[in-house]
Amino acid sequence: MSEPDFAGSPAVVTGGATGIALATARLLLARGARVACLDLNPQDVPSPLVQTCVDVADEHSVCAGVAWAAELLGGIDILVNSAGIGAQGGVEDNPDHEWRRVLEVNVLGVVRTTRAALAYLRRSGAPAIVNTCSIAATTGRPDRALYATSKGAVLAMTRAMATDLVEDSIRVTCVNPGPVVGADEVAAAITSLAGPLSGVTTGTELAVNGRASGPQLRPGT
């Protein structure tokens with residue numbers, strides 16, 4: 001039996017101009033959702049996806065962008081928190097300002113967007129939040145201390161939000177992509193978690209990692 005489509009469900013995808021987020025937005029659109037992409041560089045979002053400029057590190061920008069999307073789409077059923085930035089190095093390799101910059105986007109960006117969307121999600125008949133996390137949250141990867149910390153926070157937040165929002169029937173899940181997995185495979189996982197066949201799934205992290213598990217050591221170690 002084929003998966004049911006999204007039948008016009010309004011969906012908001014952050015970071016929707018590139019990578020996993022763009023692939024997710026395209027797949028949601030192909031399966032019948034109405035999709036708005038929020039991105040710092042919205043000019044890169046291809047037609048027919050609709051877009052607006054949002055900086056997830058800025059509260060006012062996020063609130064304005066989410067309100068715009070909700071008005072355009074007639075509400076929000078699905079929120080995909082996929083905006084994020086990378087970071088390399090061990091715990092001693094990044095100065096404080098870089099730690100703050102990455103956490104502002106990768107962690108507080110999810111907080112701001114979710115907070116802005118909750119009023120609309122609470123009015124939805126089938127609300128779902130899917131956060132893009134990483135295998136770095138659950139396995140050791142070399143030279144990724146800052147990035148892993150940010151994604152570990154997203155994983156913990158996913159579980160906490162799922163618990164807090166269960167009485168509102170808002171499902172919260174996340175995907176943990178591995179470093180060698182293509183954007184389309186991750187997009188398929190996100191779309192599945194957001195979809196109607198996952199209606200009793202919440203508080204779950206789905207690894208999309210090509211069987212990579214456990215510490216990923218440097219070559220020769």
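Helices here are DSSP runs of H or I with at least four residues, numbered from the N terminus. The model is predicted.

**Exercise 1. Place Arg-112 and describe its surroundings.**

Step 1. Find the element. Arg-112 sits in helix α4, which covers residues 108-121.

Step 2. Decide: buried or exposed? The cut-off for buried is under 20% relative accessible area. Arg-112 has 10% relative accessibility, so it counts as buried.

Step 3. List the contacts, leaving out residues up to four places away in sequence. Arg-112 touches Val-56, Ala-57, Asp-58, Glu-59, Val-62 and Glu-104.

Step 4. Look for a polar partner. A polar atom of the Arg-112 side chain lies 3.0 Å from the backbone oxygen of Val-56. The limit for a polar contact is 3.5 Å between N or O atoms. Val-56 is also among the residues that Arg-112 touches.

**Exercise 2. Do the same for Val-154, then relate it to Ala-69.**

Step 1. Find the element. Val-154 belongs to helix α5, residues 145-165.

Step 2. Apply the accessibility test. Val-154 comes out at 1% relative accessibility and therefore counts as buried.

Step 3. List the contacts, setting aside neighbours within four places in sequence. Val-154 meets Asn-106, Val-110, Asn-131, Thr-132 and Cys-133. One of these, Val-110, falls in the range of helix α4, residues 108-121.

Step 4. Take the pair with Ala-69. In sequence, Val-154 and Ala-69 are 85 residues apart. In space, their C-alpha atoms are 23 Å apart.

**Exercise 3. Describe the fold and judge how compact it is.**

Step 1. Count the elements. The protein has six helices and seven strands.

Step 2. Write their order. Along the sequence the pattern is β-α-β-β-α-β-α-α-β-α-β-α-β.

Step 3. Compare with the globule rule. The radius of gyration is 17 Å, close to the 17 Å that the rule gives for 221 residues, so the protein is as compact as a globular protein of that length.

Step 4. Add the extents. The C-alpha trace spans about 50 × 40 × 35 Å along its principal axes.

Step 5. Turn to the contacts. Take those with a separation of 6 or more: 70% of them join residues 24 or more positions apart.

**Exercise 4. Summarise burial, surface and charge.**

Step 1. Burial. Of the 221 residues, 49% are buried. Arg-112 and Val-154 both count as buried.

Step 2. Surface. The protein exposes about 10200 Å², with 53% of it supplied by carbon and sulfur atoms.

Step 3. Charge. There are 16 positive and 21 negative charges. Their mean positions are 3 Å apart.

Terms used: Residues are numbered from 1 along each chain as its sequence is written. This is a predicted model: local features need pLDDT of at least 70, side-chain atom pairs count only at pLDDT 80 or more; totals for chains, interfaces and linings use all residues. Side-chain values use heavy atoms; hydrogens and water are left out. Helices (H or I, at least four residues) and strands (E, at least two) are DSSP runs, numbered from the N terminus. The radius of gyration is taken over C-alpha atoms; the globule rule is 2.2 Å times the number of residues to the power 0.38. Buried means under 20% relative accessible area, exposed over 50%, partly exposed in between (1.4 Å probe, protein chains only). Contact means heavy atoms within 4.5 Å. Accessible areas come from the Shrake-Rupley method with a 1.4 Å probe; for residues, only the protein chains shown count as cover. Lys and Arg count as positive and Asp and Glu as negative; His and the chain ends are not counted. The place of a charge is taken as NZ of Lys, CZ of Arg, CG of Asp or CD of Glu. A polar contact is a pair of N or O atoms within 3.5 Å; within protein, one must be able to donate a hydrogen and the other to accept it, and residues adjacent in sequence count only if both atoms are side-chain atoms.
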